[in-house]
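Colleague: I am new to reading protein models, and I would like to learn how to go from the picture to careful statements. Could you take me through one, feature by feature?

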Amino acid sequence: MRTSSNISQKRRLAQLGAPFAAGLLVLTGCGGSSGGSSGEAAANYPTEAIEIMAPADPGGGYDMTARSISRSLTEGGVIETGSDVYNVPGGSGTIGLTQFVGDNAGDPHQLMVIGKILVGAIEQTDSQVSLENTTPIARLTAEYDAIAVPADSKYETLKQLMEDFKSDPGSIAWGGGSVGGVDQILVAKLAEATGIEPSKINYIPYSGGGELTPAVLSGDVTAAVSGLAEFSDQIAAGEMRLLAVSSEEPIEGVDAPTIIEAGYDVSIANWRGVVAPPEISDEQREAVVSIIEKMHDTDEWQETLEANNWEDYLMTGDEFGDYLEQEDKDITKTLTDLGILE
């Protein structure tokens with residue numbers, strides 16, 4: 001039985017940072033820890049509490065996703081062994097990833113929340129550990145970006161904004177999240193769709209919606225890109241104008257076209273999912289996928305999706321593994337085009 005002292009040890013290791021964890025990976029040779037035959041372990045899975053790492057501070061998207069999975073697994077009646085969540089912040093998720101791979105090889109009772117932002121962070125930080133060192137389990141949720149301008153902006157439509165962007169790229173100051181993140185990738189894809197060199201984009205990164213929103217309202221940026229939920233209050237209050245959303249299909253209850261409907265073949269989803277450690281058997285992987293699929297079908301999870309305006313984005317197993325490979329290629333290309341990667 002895994003005890004609270006084991007969990008505390010993991011948290012202490014996290015504070016030592018990526019270099020130690022990377023060294024631990026080499027020293028352990030990725031040795032397994034679940035004990036017994038993999039077939040027995042899979043047949044009885046889970047036999048102990050499932051621990052879920054959120055590779056960020058409490059309160060953000062990774063943390064909310066991890067705690068929602070944990071709650072749905074237990075309160076939804078999927079497992080009886082319990083579930084714990086712990087946080088490993090730093091490195092845009094790469095410190096947590098390094099620790100997760102180094103500490104947990106072969107243990108199917110360990111899960112980690114990942115997302116699109118982590119894929120880009122791995123490339124930017126030249127992390128020694130990548131998602132190839134994990135076992136893909138499931139993609140679960142997606143949130144979509146919004147393109148918004150101040151309510152008194154001259155831009156009534158995305159097309160008007162893009163026409164000025166095309167004629168003079170530097171004249172449009174785009175505000176969004178961190179460098180190389182989902183928001184900047186969306187602007188880069190819009191630039192590519194209109195024949196603009198991504199390196200000419202005037203992009204101003206902000207630490208989050210709390211910092212970006214005042215910049216939009218004060219006119220410090222021409223247009224802003226962020227998660228739809230970040231702007232929803234200002235849009236409802238008439239302080240911002242929503243020009244478009246990045247979903248492939250219209251979003252129910254949102255009075256704005258998709259970017260595709262506005263005439264640009266661009267969509268992007270800020271997805272999140274879960275992986276298991278390396279070196280679990282095929283039978284163990286199938287057992288983990290099975291409980292995540294059961295978790296997905298619980299009322300608790302469906303209520304979580306609705307309460308957070310998360311899109312149901314389920315994809316599991318090998319299909320999710322193929323998706324991760326394609327995401328890595330696409331994001332690497334975009335970051336290279338932006339000049340962020342050489």
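What follows is a conversation about the chain as a whole, then one strand, then one helix.

Modeller: Please keep in mind that this is a predicted model, in which local features need pLDDT of at least 70 and side-chain atom pairs count only at pLDDT 80 or more, while totals for chains, interfaces and linings use all residues. Residues are numbered from 1 along each chain as its sequence is written, and side-chain values use heavy atoms, with hydrogens and water left out.

Colleague: How many helices and strands does the chain have?

Modeller: Helices (H or I, at least four residues) and strands (E, at least two) are DSSP runs, numbered from the N terminus. In this chain they come to 13 helices and ten strands.

Colleague: What share of the residues in the chain is buried?

Modeller: A residue is called buried under 20% relative accessible area, exposed over 50%, and partly exposed in between, using a 1.4 Å probe and protein chains only. Of the 342 residues in the chain, 53% are buried.

Colleague: And how do I read contacts along the sequence?

Modeller: A contact means heavy atoms within 4.5 Å. Taking the contacts between residues at least 6 apart in sequence, 78% join residues at least 24 apart.

Colleague: Which strands pair with strand E4?

Modeller: Two strands pair if DSSP finds at least two bridges between them. E4, residues 135–150, pairs in the antiparallel sense with strand E9 (residues 269–276) over eight bridges, and Ala142 has Trp271 in E9 as its bridge partner. Strand E10 (residues 311–316) is also antiparallel to E4, with four bridges, and there Ala138 is matched with Thr316. Four bridges likewise link E4 to strand E7 (residues 223–227), again antiparallel, while five join E4 to strand E8 (residues 240–245), which run antiparallel. Ala148 has a bridge partner in E7, namely Ala224, and another in E8, namely Leu242.

Colleague: Is E4 mostly covered or mostly open?

Modeller: E4 is mostly covered, with 15 of its 16 residues buried.

Colleague: Which residues of helix H6 are buried, and what covers them?

Modeller: In H6, residues 116–125, the buried ones are Lys116, Leu118, Val119, Gly120, Ala121 and Ile122. Their cover includes helix H4 (61–75), helix H5 (94–104), strand E3 (110–115), helix H8 (182–193), E9 and helix H13 (317–337).

Colleague: What comes after H6?

Modeller: Asp126 follows H6, and its phi is positive, near 50 degrees.
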